[in-house]
Amino acid sequence: MQYDILIIGAGVAGLYAALNIPTDKKVLLINKTRPWECNTYYAQGGVTTARNDADIPIHINDTLEAGAGMCNVEAVRVLSETSQEVVRDLMARGFKFDTAEDGRLLYTKEAAHSADRILHAGGDATGRHLHHFLLMNNPHPMLANATVIDFLIEEGKICGVEVVYKGERKVILAHQVILASGGVGSLYRFHTNAYSISGDIQGICAEKGIALENMEMMQFHPTVYLGNQSVQKQLLSEALRGEGAQVEDEDGYRFLFDYDPRGELAPRDIVSRALFDYRRKTKKQIYLSFREFDPAYFHKRFPNISANLRDMGFDIPKDRVPISPAFHYAIGGIKTDLDGHVEGVKGLYAIGEAASTGVHGANRLASNSLLEGLVFAKRATAALLNEPGTRCSTHFETGDDPLFVEGDKEKKEQLRRIMWKHVSIVRTTEGLQEALAEIDAMLASPIGRMLRLRLMTAHEIVRAALAREESVGVHYREN
């Protein structure tokens, strides 16, 4: 099984990369589970774009301000300056963003944006529509329900990957590999991610000595309904607050203005910490109220949120919904340059949420994530198509360490509780040290490879959080 290019992951970044690779290349997409089970599918907000050239410096400034001084300024410039190009490309290929009756694109505003510049599709189903469009236009074969469990590397060159497919370990060789596998959501007890997103690839990187960057920067979405029974919780999009939804306590008091003059439109890290702090101090339940919405408009603009909440017993927009922050997005990841190259391994690239270009700094600006996946997928494919692929001489055998052992499931749940308790919205030195000790103890115990990879990723997150003693962006230390 020899390919020119392997793409690991089938979200927005992986699929847009595939769309930009010609069919004379032998390409295989490898997807961990069903093709639609990814974070892109569940993205509610939209695709940020500079509305015009005059908006570029304003979008750049908004992104830098949200990033709390830690953004790579050049990466942010590339993101904004390329935004109109990728949006036009999608539309030229046939993708339909929501428009007014006269055909004008509809832009909306979300927290920490100073202008209406976010395009959506299907109301609150932008990710779903975009993902379906990219899947339908993917020109290359896909191997679904295949889990990457190792990288094949020879003398600093990528040679392929080892996967588990239909219960068997297989070697798949390639001259170039793109990592577009997403973040780490399933490491946390409460999260908004697809269930398959568990940081396996970052764990392999940690194991191989491939640089990970800013792993302590984990973003928590402030408005999530935790009452549903699934591990993945019901996200209540940033766009709701951008269009008038209000955060209040059980007495109807809008306390966010006590923390920031922007109230509901403050950046996610500020709103999440405000909810955490207010609940801790007052013990009061916190709600998201939709009373300012016209019912007909709400159901048209947010059809999926409306339907999901109705199925859970809420009469929206009449009822308010109890909310809590939950893990949402991994800002840090596999260190890359602005063309997706992974440091130290020739032929290896990373894009999307799995990568760390520095574009988000210490806090991602709302709806910059789908845009990032598009922009840097386009740059990475342009780079790899102009570079020679690797040539490896080693004959690779599959590993023989067990993938799972008895007790792994209980330890996986223990890890999720540890990460939520000690490595979430507010962190302490004592809590982080306790988390690291518990993770190290599990790593030293008999465990399967899949759990080991999760633990390796968690170890890197905690280690980075301990190393950064000052609070910045989403990383908040009480001591």
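Where is Ser230 found? That is a good place to start reading this predicted model, and the answer opens the points below.

1. **Ser230.** Ser230 sits in the loop that runs between strand E11 (218-225) and strand E12 (234-235). With a relative accessibility of 36%, this serine counts as partly exposed. If you want a partner to look at alongside it, try Phe190: the two residues are 40 apart along the chain, and their C-alpha atoms are separated by 9.7 Å.

2. **Overall make-up.** Stepping back to the whole protein chain, you will find 14 helices and 19 strands. The C-alpha trace spans about 65 × 55 × 40 Å along its principal axes. The radius of gyration is 22 Å, which agrees with the value near 23 Å that a compact globule of 479 residues would have.

3. **Burial and contacts.** Of the 479 residues in the protein chain, 60% count as buried. The contacts are worth a glance too: among those between residues at least 6 apart in sequence, 73% join residues at least 24 apart.

4. **Surface and charge.** The protein chain has an accessible surface of about 18,400 Å², and carbon and sulfur atoms account for 49% of that area. As for charges, there are 55 positive and 63 negative ones, and the mean positions of these two sets lie 2 Å apart.

5. **The disulfide.** How many disulfides does a search of the whole structure find? The search gives one, and it joins Cys159 to Cys392 with an S to S distance of 2.1 Å. This pair links distant parts of the chain, with the two positions 233 residues apart in numbering. Cys159 belongs to strand E8 (residues 157-165), while Cys392 lies in the loop between helix H11 (368-385) and helix H12 (408-422). The torsion about the S-S bond is about -85°, so the disulfide is left-handed.

6. **Two ends of the bond.** Is Cys159 buried or exposed? Cys159 counts as buried because its relative accessibility is 3%, under the 20% cut-off. Cys392 has a relative accessibility of 32% and therefore counts as partly exposed.

7. **Cys38 and its surroundings.** Why does Cys38 not form a bond with another cysteine? The closest cysteine sulfur, in Cys205, is 19 Å from the sulfur of Cys38, which is too far for a bond. Cys38 is in the loop between strand E2 (27-30) and helix H2 (39-42), and it is buried, with a relative accessible area of 7%. Leaving aside residues up to four places away in sequence, Cys38 touches Ala10, Gly11, His131 and Ala194. Gly182 is also worth finding on the display: it is 144 residues from Cys38 along the chain, and the C-alpha atoms of the two are separated by 7.9 Å.

8. **Cys205.** For Cys205, the closest cysteine sulfur is that of Cys159, at 15 Å, so the gap is too far for a bond. Cys205 has a relative accessible area of 0% and is buried.

9. **A cis peptide bond.** Now for some backbone details. Most peptide bonds are trans, and most residues other than glycine have a negative phi. The peptide bond from Ile316 to Pro317 is cis, and its omega is near 10°. Pro317 has its place in the loop between helix H10 (303-311) and strand E15 (321-322).

10. **Asn145.** Although Asn145 is not a glycine, its phi is positive, at about 60°. You can locate Asn145 in the loop between strand E6 (142-143) and strand E7 (146-154). Its relative accessible area is 47%, so Asn145 is partly exposed.

11. **Lys283.** Lys283 is not a glycine either, and it has a positive phi of about 65°. Which loop holds Lys283? Look between helix H8 (268-282) and strand E14 (286-289). Lys283 counts as exposed because its relative accessibility is 63%, over the 50% cut-off.

Conventions. Residues are numbered from 1 along each chain as its sequence is written. This is a predicted model: local features need pLDDT of at least 70, side-chain atom pairs count only at pLDDT 80 or more; totals for chains, interfaces and linings use all residues. Side-chain values use heavy atoms; hydrogens and water are left out. Helices (H or I, at least four residues) and strands (E, at least two) are DSSP runs, numbered from the N terminus. The radius of gyration is taken over C-alpha atoms; the globule rule is 2.2 Å times the number of residues to the power 0.38. Buried means under 20% relative accessible area, exposed over 50%, partly exposed in between (1.4 Å probe, protein chains only). Contact means heavy atoms within 4.5 Å. Accessible areas come from the Shrake-Rupley method with a 1.4 Å probe; for residues, only the protein chains shown count as cover. Lys and Arg count as positive and Asp and Glu as negative; His and the chain ends are not counted. The place of a charge is taken as NZ of Lys, CZ of Arg, CG of Asp or CD of Glu. A disulfide is a pair of cysteine sulfur atoms within 2.5 Å.
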